[in-house]
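Hi everyone, thanks for making time this morning. I'd like to walk you through one structure, so please have the viewer open.

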Amino acid sequence: MARERKVTINVIAAEAGVSVPTVSRVLNGRSDVSPTTRARIEALLAQHGYQRRGSRRGEHAGLVDLVFNDLDSPWAVEIIRGVEDVAHAAQVGTVVSAIHRHSAATRQWLDNLRARKSDGVILVTSTLQPGHQAELRRLNVPAVVIDPAGGPALEVPTIGATNWAGGRAATEHLTSLGHRRIGFIAGPTSLLCSRARLDGYRAALDAAGLPVSDELIQPGDFYHESGFRGATALMSLPEPPTAIFASSDQMAFGVYEGLRQRGLRVPDDVSVVGFDDLPEARWASPPLTTVRQPLAEMGTLAARMLLRLSRGEETDSPRVELATDLIVRNSTAPLAV
C-alpha cells in the first residue's frame, strides 16, 4: 500500500502514454482533455490510489465556497452568518456565489472554482446538472448540501430542518385557536422543504377533522410579492379564511400588506403565521408568529461537516435534520365568535 501512495505523476503519465502536463490537466479538472484520455488517466489514478490535490492532510487552500441560487433574501444572510462563524474560527475564507439558476452562471462558477482551488463547497437549495456533478468529483472537492432541491443532487451529506413537523405545528396552532378555514401559501413545488410544509399543513387539518380545500392553497415562491398575491386571492373567495399560514416569513409580510390594503387587521380579522423566524419577524407590526427554522445553525453545521470532509474524516450521518420550533407572537388570536 505504501508503494501505491508514493506513485508519482510521471508514473501515471508513462502508463497512460501521455505527457505529464496532460495528467496535471486531469488532476486540476481542466476540460481540454479528451473523454477517452481522461477516463484512462482517472482509471490509473484510482488503481494506484493516487491522492489528488487537497486530499493530503495539511494541503488546504484556506477557502470554502458557499453557493446559492440567489442572494436577495434575509434567509441567505442567516446561512452565511452560520458558515462565516465556523470559517472565521478555522481561519478559512468564504467565497459566496449566486448561480441564479442559469447554466452559464454555474459554468462560470465551476471555472472559477477550478482556477482558485477550494477546500470544499456548500450548496444551498441548488441543483447541479450531472456533468457539473462529475466535474466536482474530478476536482476532488468535497461538498455538503443545505436543503437539497430534489433528491440529494450529489452523493454528499445533506442538512435540512423538520419542515413537515413545522408545517403541522403552525397549522395545529391555528386550529387550536378555533380557526377552521385556514389558507396556505406554498413555496416552490420544486423544493423538498416546500412540499414538506404543505404536507404538514394537510396532516394537521386531517388530524383536526377538517377538509383540505384546494381553493385555500395558493402558489408562492417564498418572496413578498407572492404572499401579497396569495392573500389577495384568498380574501377574494366567497368564504375567505380566518387565518393564513404562509410558508415563509417574507410571504407572511406580503400577506400583511395584502390584508392592510383590504382594510383588514392582523390578528383581529385574520391571523397570520410565517415560517423561518427571520430577524425581521419580531419587529413586524404586529410581531409575527412563525416557525423557527435554525438557519444560522444549519450553516454552522454544514461548515463544520465540510471542514471535516476536507481533512479526510468521516461524517456522522449522511442526512441531518435540525428541529423547528413554533414561536408564538402577536399575529395570531382566537377566532372571533
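Before we start, one bit of vocabulary: two strands count as paired if DSSP finds at least two bridges between them. Keep that in mind as we look at isoleucine 185, which stands opposite glutamine 218 in S7. I should also say right away that this is a predicted model.

Let's stay with that spot for a moment. Isoleucine 185 belongs to strand S6, residues 182-185, and two bridges join S6 to S7, with the two strands running parallel. Next door in the same pairing, phenylalanine 184 stands opposite isoleucine 217 in S7. On its other flank, S6 is joined to S8 by four bridges, again in parallel. There, phenylalanine 184 stands opposite phenylalanine 245 in S8.

So which residues of S6 are buried on each side? Ile182 and Phe184 are buried on one side, and Gly183 and Ile185 are buried on the other, so both faces of S6 are covered.Zooming out, S6 is part of an open sheet of six strands in the order S7-S6-S8-S9-S10-S12, and the pairing in that sheet is mixed. Strand S7 (217-218) and strand S12 (325-327) are the edge strands; each has a single partner strand, so one side of each is left without a neighbour in the sheet. Helix H11, residues 249-261, lies across S6, strand S8 (243-246), strand S9 (271-276) and strand S10 (289-292). The angle between H11 and S9 is about 155°.

Now for the other sheet I'd like to show you. Here six strands form an open sheet in the order S2-S1-S3-S4-S5-S11, and the pairing is parallel. Its edge strands are S2 (93-98) and S11 (319-322), each of which pairs on one side only. On average, neighbouring strands in this sheet are turned by 20° against each other, ignoring direction.

If you click on strand S1, residues 63-68, you'll find that six bridges join S1 to S2, and the two run parallel. One pair to look at is leucine 63, whose bridge partner in S2 is glycine 93. This sheet has a helix across it as well: H12, residues 295-310, lies across S1, strand S3 (121-124), strand S4 (143-146), strand S5 (158-161) and S11. H12 runs at about 165° to S4.

Let's move on to a pair of helices. How far apart are the axes of H3 and H4? They are 10 Å apart, and H3 (residues 20-27) packs against H4 (residues 35-48) at an angle of about 85°. Angles of 65 to 115 degrees count as roughly perpendicular, and H3 and H4 are therefore roughly perpendicular to each other. From H3, the residues in this contact are Thr22, Val23, Val26 and Leu27, and they meet Thr37, Arg38, Ile41, Glu42 and Leu45 in H4. By type, the residues of this contact divide into five nonpolar, two polar and two charged.

Finally, some whole-chain numbers for those of you who like them. The chain has twelve helices and twelve strands. Of its 337 residues, 51% are buried. Taking contacts between residues at least 6 apart in sequence, 72% join residues at least 24 apart. The chain exposes about 15400 Å², with carbon and sulfur atoms supplying 52% of it.

That's my tour. Thanks for listening, and I'm happy to take questions!

Notes. Residues numbered from 1 in each chain as written. Predicted model: local features only at pLDDT ≥ 70, side-chain atom pairs only at ≥ 80, totals over all residues. Heavy atoms only, no water. Axes fitted to C-alpha atoms, helices over the stretch in contact; angles between N-to-C directions. Parallel < 35°, antiparallel > 145°, perpendicular 65-115°, else oblique. Contact = heavy atoms within 4.5 Å. Nonpolar A, V, L, I, M, F, W, Y, C, P; charged D, E, K, R; others polar. Buried < 20%, exposed > 50% of the residue type's maximum accessible area, 1.4 Å probe, protein only. Areas by Shrake-Rupley, 256 points an atom, 1.4 Å probe, with all protein chains shown as cover.
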